[in-house]
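Work through the exercises below with the model open beside you. Try each task before you read its solution.

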Amino acid sequence: MRTDTPQTIRRADYQPLAWTVTDVDLHFALDPAATLVRSRLTLKRNPRAPAGPLVLLGDELELVSLQIDGRTPAAARITDTRIEVDLDGDTATADIVTRIAPAKNTALSGLYTSRGGFFTQCEAEGFRRITWFPDRPDAMARYTVTLEADKASYPVLLSNGNLVGHGELADGRHFARWQDPFPKPSYLFALVAADLAVNERRITTMSGREVLLQIWTETAALERTGHAMESLVRAIRWDEERFGLELDLERFMIVAVSDFNMGAMENKGLNIFNSKLLLATPDTATDVDYESIEAVVAHEYFHNWTGNRVTCRDWFQLTLKEGLTVFRDQEFTADMLAAEGGDSARAVKRIDDVRVLRAAQFPEDAGPMAHPIRPDSYQEINNFYTATVYEKGAEVIRMLQTLLGRDGFRKGMDLYFARHDGQAVTCDDFVAAMADANGRDLTQFLRWYSRPGTPRLSASGRYDAAAQTYTLTLAQRSAGAADEALLIPVAVGLLGADGRDLPLTLAGATAPGTRLLELDAAEQTWTFTGVAERPVLSLLRGFSAPVIADLDEDDATLAFRMAHDGDPFNRWDAAQRFMERTVLGLAADAAAGRPLATPEAFVAAFGALLADDALDPAFHAQALALPGESYLLERMTPADPAALRTALMHLLRDLGKRFAADWLDRHLDCRVAGDYRYHPRDVGLRALGNLCLRYLCAAGELAGFAAAERQFAQAGNMSERLGALGALVHSAAPQRDSALAAFHAHYATDTLVLDKWFALQAGAWRWDPAAAPTLARVRQLLAHPAFAATNPNKVYALLGGYFRANPGEFHSPDGHAFWAEQIVALNAINPQVAARMARALERWRSFTPALQASMRRALETVAASEGLSPDVAEIVGKALA
Ligand code: 0A1
Ligand code: ZN
C-alpha cells in the first residue's frame with residue numbers, strides 16, 4: 001500500500017506521452033505466492049509530444065530485471081513507483097521481469113486471488129500493480145498474453161480477445177495464449193485463471209456475424225446465470241437498434257468473482273463482475289436485483305463502444321465514458337420496461353434514477369467532495385468514481401438529448417464514432433461532435449462540465465385574466481458568486497382546474513401539454529397566450545435538468561398536483577414534496593420537544609393517493625413511499641438524524657394505523673399467482689404489496705404482522721420473502737427474531753443471500769425503544785463466521801448498512817467512535833473499500849453541534865492513524881479542511 005503524502009493531480013497539467021507503446025507481449029507464470037510477469041513493450045517516440053524519457057509506473061512491484069533493446073540501461077532512474085529511462089532514436093524494445101504476490105493483494109486492485117482463482121482489476125491504476133507500464137488511458141496498445149498455470153487448480157485460462165494457442169507443459173502445468181486485435185489502454189486489460197464452468201450461447205449480429213457469448217462462474221452457480229445471459233442478448237440487440245453499434249469481437253466473455261471492489265468492469269471482451277450483479281434465481285434474488293443485473297450487464301456491454309473503442313484521454317475525462325454509459329443503460333432499462341409495461345413503467349424508471357441522484361449525488365455536491373462532472377483535480381482517482389461523475393454525468397448527457405432531440409443526439413453519436421474510433425479523447429470532443437452534427441453552438445452548455453454544486457431553479461408565474469396570459473419567470477442560481485448562467489432545459493406544463501394539461505401557446509406556436517424552455521440567462525420570462533383560466537404550474541417535468549427546483553407551493557397546490565399532474569414524474573414529485581414538508585415539520589417538532597401531529601391536509605392527500613385504483617402498481621408504490629432518509633437529512637438544517645428518525649417513525653406509524661384496512665386490502669390485491677416472472681406488472685404488484693406490509697408492521701398492526709409472517713412462510717421468491725422479512729425487522733413485531741433466524745437457517749451456505757441478512761440487521765431501526773442500539777448487533781455480526789472484512793460485499797452490507805443506510809442509529813458518539821475503529825482496520829486491508837465507508841462522515845459540518853463534535857473527533861482519529869492510504873487520507877483530509 002502506498003502511504004506517501006497525498007499529491008494533487010491537476011487536469012491542467014496534462015502532457016502527452018513522450019514514448020507510446022504499440023504492442024505489449026505479456027507472459028504470466030501464475031502462482032499465488034509469487035507470480036512472475038515478463039513483459040515486452042514495443043516503444044515508439046511520440047512525434048506529437050515534447051521530447052522526454054520513457055516513463056514507466058509501478059506500485060508494490062518487485063523489479064527482477066529491466067532491459068532496453070537487449071541491454072541493461074546504464075542510467076535508469078528507478079524509485080518504488082517510477083522508472084525513467086532516456087532513449088535514443090525513434091523506436092525501442094523494453095523487456096521487464098516483475099515479481100508479485102497475488103495472494104497477499106487484499107486491496108483487490110491489480111492481480112489477486114479469490115476463492116482459489118486468479119482475477120484482475122486494472123481500472124483505474126491497477127495495471128501498474130502487475131507490471132511496470134505507462135499506466136494511463138491514452139497509452140493504447142495491442143496485447144498478446146500468455147498465461148501459464150497448474151492445470152488441476154486453474155483449468156480455465158482467460159484474457160482479452162481471441163484464443164490463439166493453448167497446450168500442455170511439464171509438471172502438470174498448461175498454457176493459453178490470447179490476442180486482442182483492438183488497441184486498448186491498460187485499464188482494460190484482464191486475466192482470469194480459475195476452476196470455472198461456462199454458460200454459452202451463439203448469436204448472429206446485425207451484419208450477420210456469428211459470435212460466442214460466454215458467462216463463466218463456479219460450477220455450483222452456473223444455474224444462476226440465465227438472467228444475465230438473457231440480459232446480455234437484449235443489450236446487444238438494443239445497441240444495434242438504438243445506436244447502430246455492433247459487437248466487434250468473435251467472443252464476448254463475462255466472469256463472476258466473489259471478491260470485487262465495485263459492481264463490474266468492462267475489460268475488453270472479458271467483463272469481470274461482482275457475483276452479486278450477475279447471479280440470480282427467483283429464490284435468491286429480488287426484483288431489484290433482477291433489474292440491477294440487467295442494467296449492469298448492459299452497462300458493461302455498452303462500454304465496449306463508449307469507453308473501449310473510444311476511451312478517455314486522462315482520468316479527468318471519466319464522465320466521458322461513465323456519464324454516457326449510465327445514460328445508455330438508463331435508456332435501455334426504460335425501453336425494456338416500456339416494452340412490457342408501457343409509459344408508466346418508463347416513468348417509474350425515471351423516478352428510480354432521480355431518487356438515486358437526490359439521495360447520493362445531491363449530498364456529495366453540497367459537501368467537501370463536491371466536484372464538477374469533469375473534476376479539475378484529485379488526489380486518488382479511485383475516489384472519483386462518484387455519483388457526480390456517473391449519475392450527474394448521465395443527467396448532463398440526457399439534457400443534450402433533450403435539447404437536440406433523439407435524432408439529433410443519434411447524429412451526434414454517429415459523428416463522435418466516425419471521428420474518434422480508436423482514440424483516447426476528451427469531453428470537449430464529445431460535445432463538439434454533438435454540436436457539429438446538429439449545427440448548434442454548445443459553448444454555453446459546456447459549463448455543465450466545470451460547475452460543481454447543484455444549481456437552484458426558481459419560478460414565479462403571473463396570470464392576467466383579462467389578457468388571458470400567463471407570464472412565467474425562471475431564475476437560476478449556482479453555489480458560489482458571480483457564476484455565468486448555465487443552459488438549462490426546463491420542461492413545463494400548465495394544469496387547468498379540472499387537472500388536465502392546458503395547451504401551451506408561446507409566440508404563436510401551440511404545444512398540446514409539455515413545452516421545453518431553454519433557460520440560458522440568470523433570469524428569463526416567457527408569456528403564454530390564450531390561457532383561459534388561472535393555471536397551476538408543473539415545472540421541470542420528467543426532471544429535465546439536475547437542479548433543485550425551489551417551488552413556493554401551498555399545501556393545496558401540492559395536493560392538487562399530487563392528484564392530477566399529467567406528468568407522472570411530477571405527480572410523484574409533488575407527493576415527495578408534500579411528504580418532505582410534512583416529515584421536516586414533524587422533525588422540527590421532535591427536535592423542539594413538541595408533541596407530533598401529522599397535518600390533516602397531508603393525511604387527506606395521502607389517503608386520496610392510496611385510494612386511487614387507476615394507478616399502475618409500480619407507480620403507486622413509488623408514490624406512496626416516503627423520500628429516502630439520507631435525502632431528507634440533507635434537506636434539514638442542521639441535520640438532526642434522531643429527530644428525523646422520530647418524525648419518520650411517527651409518520652409511518654400514523655399512516656399505517658389510519659389506513660390500516662386499506663393497506664391490508666391492497667396488500668391482498670397485490671398477490672401474484674403463478675411462477676415467478678421478472679415482468680413490470682408482477683414487479684410492481686410485489687413492490688406495492690411489500691410497501692403495504694411496511695406501513696402495517698410499522699404501525700404495529702397485528703393483522704400486518706400476521707400477513708407478513710404468512711408471506712414470509714409461503715413466499716415463492718426472494719422479493720416476497722425479503723419484503724416480508726424487511727417489514728417484520730422494521731417493526732416491533734414479536735416474530736422479528738424468529739424470522740431472521742429462519743432466513744439465516746434457510747440460506748446459511750449462500751454467501752450472496754447472507755449479505756441481505758447482514759444489511760437488513762445493520763439497517764434496522766429501533767421500533768422498540770427498550771431494545772439495545774443497533775450497534776450492539778453490528779458488533780456481534782462482525783464476529784459472525786460468515787462475515788469477512790476482506791470481502792467488499794460483506795463490508796458494504798454490514799458496515800455500509802449501518803454507516804450509510806441507518807443514519808438514525810449510526811449518528812451517535814458510540815457510532816462515530818466505532819466508525820473510526822473500523823476505517824482504520826479496513827484501511828490496512830483494502831483502501832478503496834475503506835475510503836468508500838469513510839465518506840459516511842464527510843457531511844459532518846451540516847449536523848447539530850453535539851454530533852459535529854464526535855464526528856470531528858472520529859475524523860481526527862483516522863487522520864492521525866499510522867499508514868493511512870492516499871484513498872482514505874483524501875476523504876478525511878478534505879472533510880477536515
Ligand atoms: N468502469 C466500471 C467501474 C469500475 C471502476 C473502478 C473499479 O476499480 C477501481 C472497478 C470498476 C464501470 O463503470 O462499470
Ligand atoms: Zn461504467
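**Exercise 1. Describe how strand 2 and strand 3 are connected and paired.**

Step 1. Look at the connection. Strand 2 and strand 3 make a hairpin, with 5 residues between them.
Step 2. Get the direction. Strand 2 (residues 19-29) and strand 3 (residues 35-45) run antiparallel, joined by 10 bridges.
Step 3. Check the register. Tryptophan 19 sits opposite arginine 45 in strand 3.
Step 4. Look for another partner of strand 2. Strand 11 pairs with strand 2 in the parallel sense, over 7 bridges. Phenylalanine 28 has leucine 147 of strand 11 as its bridge partner.

Keep in mind that this is a predicted model. Its mean pLDDT is 97, and 99% of the residues reach 70 or more. The scores are ipTM 0.98 and pTM 0.99.

**Exercise 2. Which strands are the edges of the open sheet of 5 strands?**

Step 1. Write down the order. The sheet runs 16-17-18-20-19, with mixed pairing.
Step 2. Pick the strands that pair on one side only. These are strand 16 (197-204) and strand 19.
Step 3. Examine the pairing of strand 19. It runs antiparallel to strand 20 (residues 270-274), and 2 bridges join them. Alanine 264 has phenylalanine 273 in strand 20 as its bridge partner.

**Exercise 3. What surrounds ligand 1?**

Step 1. Find the shell. There are 15 residues around ligand 1, and Glu123, Met262, Met265, Asn382 and Tyr385 come nearest.
Step 2. Assign elements. Strand 19 (264-265) and helix 2 (287-302) each give two or more residues to the shell.
Step 3. Sort by character. The shell holds 5 nonpolar, 6 polar and 4 charged residues.
Step 4. Assign domains. Domain 1 (9-195) and domain 2 (312-449) each supply at least three shell residues.
Step 5. Place these in the whole protein. The division also includes domain 3 (456-545). The C-alpha centres of domain 1 and domain 3 are 56 Å apart.

**Exercise 4. Find the backbone exceptions at residues 115, 123-124, 543 and 637-638.**

Step 1. Recall the norm. Most residues other than glycine have a negative phi, and most peptide bonds are trans.
Step 2. Check the bond between glutamate 123 and alanine 124. It is cis, with omega about -5°. Alanine 124 lies in the loop between strand 10 (117-121) and strand 11 (141-150). Glu123 is also among the residues that come nearest to ligand 1.
Step 3. Check the bond from threonine 637 to proline 638. This one is cis too, with omega near -10°. Proline 638 belongs to the loop between helix 10 (629-634) and helix 11 (641-658).
Step 4. Check arginine 115. Its phi is positive, near 45°, and it is not a glycine. The residue sits in the loop between strand 9 (110-114) and strand 10.
Step 5. Check phenylalanine 543. Its phi is also positive, about 50°. Its loop runs between strand 31 (536-539) and strand 32 (548-550).

**Exercise 5. Is each residue buried or exposed: phenylalanine 543, arginine 115 and alanine 776?**

Step 1. Set the cut-offs. Count other C-beta atoms within 10 Å: 20 or more means buried, 12 or fewer means exposed, and in between is partly exposed.
Step 2. Count for phenylalanine 543. It has 22 other C-beta atoms within 10 Å, so it is buried.
Step 3. Count for arginine 115. It has 14 C-beta neighbours inside 10 Å, so it is partly exposed.
Step 4. Count for alanine 776. It has 11 other C-beta atoms within 10 Å, so it is exposed.
Step 5. Locate alanine 776. It is in helix 18 (residues 774-782). Alanine 762 is 14 residues away in sequence and 9.9 Å away in space, C-alpha to C-alpha.

**Exercise 6. Why is helix 9 described as largely enclosed?**

Step 1. Count its buried residues. In helix 9 (residues 617-624), 8 of the 8 residues are buried, so the rest of the structure largely encloses it.
Step 2. Name some of them. Pro617, Phe619, His620 and Leu624 are among the buried residues.
Step 3. Find the cover. It includes helix 3 (318-365), helix 7 (568-592), helix 8 (600-611) and helix 13 (680-698).

How values were computed:
Residues numbered from 1 in each chain as written. Chains lettered and ligands numbered in written order. Predicted model: local features only at pLDDT ≥ 70, side-chain atom pairs only at ≥ 80, totals over all residues. Near = placed C-beta within 6 Å. Helix = DSSP H or I, 4+ residues; strand = E, 2+ residues; numbered from the N terminus. Nonpolar A, V, L, I, M, F, W, Y, C, P; charged D, E, K, R; others polar. Domains from an automatic or database assignment. Contact = placed C-beta atoms within 7 Å. Pairing = 2+ DSSP bridges. pLDDT = per-residue confidence, 0-100.
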